[in-house]
Amino acid sequence: MNAHAPTVTTLVTGGTDAARAIDRPMGMAIDTAGTLYVADFGLHRISKVTAAGVVTTIAGSSQGYADGKADVAKFANPAGLAIDGAGTLY
């Protein structure tokens with residue numbers, strides 16, 4: 001084994017539970033608490049993944065373009081995320 005080889009860990013896998021599924025993750029960001037945020041290109045939403053592997057949808061209701069609160073916002077193939085120093089997710 002190469003001492004310099006990276007370690008790969010599976011945090012989330014696809015599945016039959018639609019609320020927990022992630023399909024084609026395209027962008028990811030990690031906050032200072034270690035929470036992973038995923039731009040889910042395939043399901044048109046932003047998901048949060050805790051260190052324990054619990055997945056929740058935090059924004060995006062269906063494919064489209066609509067500003068609004070998290071439960072009514074719509075995205076079409078989100079592909080990027082960023083978190084600033086204050087913890088704001090973009």
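Which residues cover the two faces of β2, and are they buried or exposed? Keep that in mind while we walk through the fold. One caution before we start: this is a predicted model.

Here is the answer. On one side of β2 sit L36, V38 and D40. On the other side sit Y37 and A39. They are all buried, and both faces of the strand are covered. Put as a count, 5 of the 5 residues of β2 are buried, so the strand is largely enclosed by the rest of the structure.

Now step back to the whole protein. It has 90 residues, and 28% of them count as buried. The secondary structure comes to 0 helices and 4 strands. Along the sequence, the pattern reads β-β-β-β. The exposed surface is about 6,000 Å². Carbon and sulfur atoms supply 56% of that surface.

Next, the sheet. The 4 strands form an open sheet in the order β1-β2-β3-β4, and the pairing is antiparallel. Which strands stand at the edges? They are β1, residues 25-30, and β4, residues 55-59. Each has a single partner strand, so one side of each is left without a neighbour in the sheet. The sheet also has a twist to it: on average, neighbouring strands are turned by 30° against each other, direction ignored.

Let us go pair by pair.

Start with β1 and β2. They pair in the antiparallel sense over 5 bridges. One example is G27, whose bridge partner in β2 is A39. The two strands form a hairpin with 5 residues between them. In that turn, G34 has a positive phi of about 90°.

Then β2 and β3. Strand β2 covers residues 36-40, and β3 covers residues 45-49. They run antiparallel, joined by 5 bridges. Look at L36: V49 in β3 stands opposite. This hairpin has 4 residues between its strands. The turn holds H44, with a positive phi near 60°, and H44 is not a glycine. What is the relative accessibility of H44? The value is 12%, so H44 counts as buried, because the cut-off for buried is under 20%.

Last comes β3 with β4. Here there are 4 bridges, again antiparallel. The hairpin has 5 residues between the strands, and G53 takes a positive phi near 90°.

One residue in this part deserves a closer look: S47, in strand β3. Opposite S47, in β4, stands T57. S47 is buried, with a relative accessible area of 1%. Which residues does S47 touch, leaving out those up to four places away in sequence? The list is I22, L36, Y37, V38, V55, T56, T57 and I58. Find L36, Y37 and V38 on your screen: those belong to the buried residues of β2 that we began with.

What about the segment after β4? N77 lies there. N77 has a positive phi of about 55°, although it is not a glycine. At a relative accessible area of 28%, N77 is partly exposed.

One more number, for contacts across the chain. Take the contacts in the protein with a separation of 6 or more. Residues 24 or more positions apart account for 33% of them.

To wrap up: the open sheet has 4 strands with antiparallel pairing, and β2 has both faces covered.

Key:
Residues numbered from 1 in each chain as written. Predicted model: local features only at pLDDT ≥ 70, side-chain atom pairs only at ≥ 80, totals over all residues. Heavy atoms only, no water. Pairing = 2+ DSSP bridges. Axes fitted to C-alpha atoms, helices over the stretch in contact; angles between N-to-C directions. Buried < 20%, exposed > 50% of the residue type's maximum accessible area, 1.4 Å probe, protein only. Contact = heavy atoms within 4.5 Å. Areas by Shrake-Rupley, 256 points an atom, 1.4 Å probe, with all protein chains shown as cover.
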